[in-house]
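Visitor: Please choose a single part of this structure and examine it closely, then relate it to the elements around it. A connected account would be preferable to a list.

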Amino acid sequence: MSDEWTTARIPDQHGRVAVVTGANTGLGFETAKALAERGASVVLAVRNVEKGEKAAARISGEVTVQALDLTSLDSVRAAAQALRSRYDRLDLLINNAGVMYTPKRTTADGFEMQFGTNHLGHFALTGLLLDRMLPVPGSRVVTVSSTGHRIRAAIHFDDLQWERSYSRAGAYGQSKLANLMFTYELQRRLASHGTTVAVAAHPGLSSTELVRNSPAAIRLPLTWLAPLVTQTPAMGALPTLRAAADPAVLGGQYYGPSGRLEIKGHPQLATSSAQSYETAVQQRLWAVSEDLTGVMFPVAQSQQNPIPS
């Protein structure tokens with residue numbers, strides 16, 4: 001067997017339930033499609049239900065659609081309650097949905113759009129669903145980050161919502177750094193339970209709709225150069241799928257493309273930025289996220305055991 005990890009290496013998923021956010025298009029669609037084709041019962045958790053239904057119709061297998069708007073904590077709570085009513089157990093929660101380089105806007109709850117959607121919405125959803133995962137051996141929370149977590153990225157505790165000034169790239173970098181810090185801190189808290197693990201992934205540079213909000217100076221060159229510098233959504237989804245389904249995956253790991261600069265290629269273990277492993281910042285971000293969302297997790301307090309870098 002080739003060392004290159006592909007969807008052919010996804011184990012049988014019959015009997016497993018997977019929730020994939022943002023699954024009506026791009027990476028989320030390809031992730032949901034691959035899991036459903038291997039037998040999983042897949043929930044497409046999407047903002048636009050009509051688009052979700054059209055996506056579901058293109059997937060073979062057991063697929064349902066759940067309304068979820070990550071820019072609204074009311075919607076996150078409603079979606080979590082609906083999923084809890086429908087399922088006694090969840091095997092996979094794949095926090096895939098996201099926005100990138102948006103103009104300065106806020107969510108329904110007043111959070112900066114990128115931080116509120118990419119991090120706080122998924123933080124709340126995970127906390128509200130985690131008790132459906134903890135009893136399930138082999139269950140996983142997979143959160144999709146980005147190489148953007150290295151670009152102008154920091155957790156700006158003095159101005160998390162970018163009220164004093166705004167940088168599209170800086171706000172995106174903060175949200176993607178937060179995704180990783182959330183994963184590492186969640187894994188630390190899950191370690192004593194021995195069932196559920198938290199893993200992160202990034203897609204490299206994939207040709208998806210995510211760049212639609214980017215300034216023209218970035219969007220147009222990417223469009224022109226896409227065949228040379230990007231990979232397909234199906235390839236971009238492979239790190240997420242490996243994090244979700246490879247039996248050898250361990251909690252706290254991070255997967256990305258194997259090629260130069262992690263832009264393209266088959267998935268392999270990756271290393272995130274040095275600051276993403278700062279335990280004190282992870283723990284502070286967790287506390288702030290609980291306060292902002294009002295969601296408390298049913299797991300033990302963090303221990304000081306380091307996540308491997």
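Guide: Contact, in what follows, means heavy atoms within 4.5 Å. The model is a predicted one, and the part chosen here is the surroundings of S272. This residue is placed in the loop that links β8 (267-269) to α9 (279-293). Although S272 belongs to a loop, its relative accessible area is 4%; the limit for a buried residue is under 20%, so S272 counts as buried.

Two polar contacts involve the side chain of S272. One, of 2.6 Å, is made with the side chain of S276. The other links the side chain of S272 to that of Y277, at 3.1 Å. When neighbours within four places in sequence are left aside, the residues in contact with S272 are H149, R150, L180, Y184, Y254 and Y277. Y277 thus appears both in this list and as a polar partner of S272.

Two of the other contacts of S272, L180 and Y184, lie in helix α5, which comprises residues 168-190. This helix has 23 residues and extends 33 Å from its first C-alpha to its last, close to the 33 Å expected at 1.5 Å a residue. Helix α5 is mostly covered, with 21 of its 23 residues buried.

Y254, also in contact with S272, leads to the sheet. In β7, Y254 is the bridge partner of A200, and the pairing of β6 with β7 is parallel, over two bridges. On the way to the loop of S272, β7 and β8 are joined by three bridges and run antiparallel. Within that pairing, P257 stands opposite P267 of β8.

These strands form part of an open sheet of eight strands with mixed pairing, in the order β3-β2-β1-β4-β5-β6-β7-β8. Its edge strands are β3 (63-67) and β8, each of which pairs on one side only. On average, and with direction ignored, neighbouring strands of the sheet are turned by 20 degrees against each other. Further into the sheet order, β5 (residues 140-144) pairs with β6 (residues 197-201) in the parallel sense over five bridges; R140 has V197 as its bridge partner in β6.

Helices pack on this sheet as well. Helix α3 (residues 73-86) touches β1 (17-21), β2 (41-46) and β3, with its direction at about 145 degrees to that of β3. Helix α8 (residues 238-245) lies across β4 (92-95), β5, β6, β7 (254-257) and β8, and runs at about 165 degrees to β5.

Two further loop residues may be set beside S272. R152 sits in the loop between β5 and α5 and has a phi near 50 degrees, a positive value in a residue other than glycine. With a relative accessibility of 60%, R152 counts as exposed. Y101, in the loop between β4 and α4 (113-129), likewise has a positive phi, near 55 degrees, and is not a glycine. Y101, however, is buried, at 10% relative accessibility.

To return to the chosen part: S272 is a buried loop residue, with side-chain polar contacts to S276 and Y277, and its other contacts include L180 and Y254.

Definitions and conventions
Residues numbered from 1 in each chain as written. Predicted model: local features only at pLDDT ≥ 70, side-chain atom pairs only at ≥ 80, totals over all residues. Heavy atoms only, no water. Helix = DSSP H or I, 4+ residues; strand = E, 2+ residues; numbered from the N terminus. Buried < 20%, exposed > 50% of the residue type's maximum accessible area, 1.4 Å probe, protein only. Polar contact = N/O pair within 3.5 Å; in protein donor to acceptor, adjacent residues only side chain to side chain. Expected span 1.5 Å × (residues − 1). Pairing = 2+ DSSP bridges. Axes fitted to C-alpha atoms, helices over the stretch in contact; angles between N-to-C directions.
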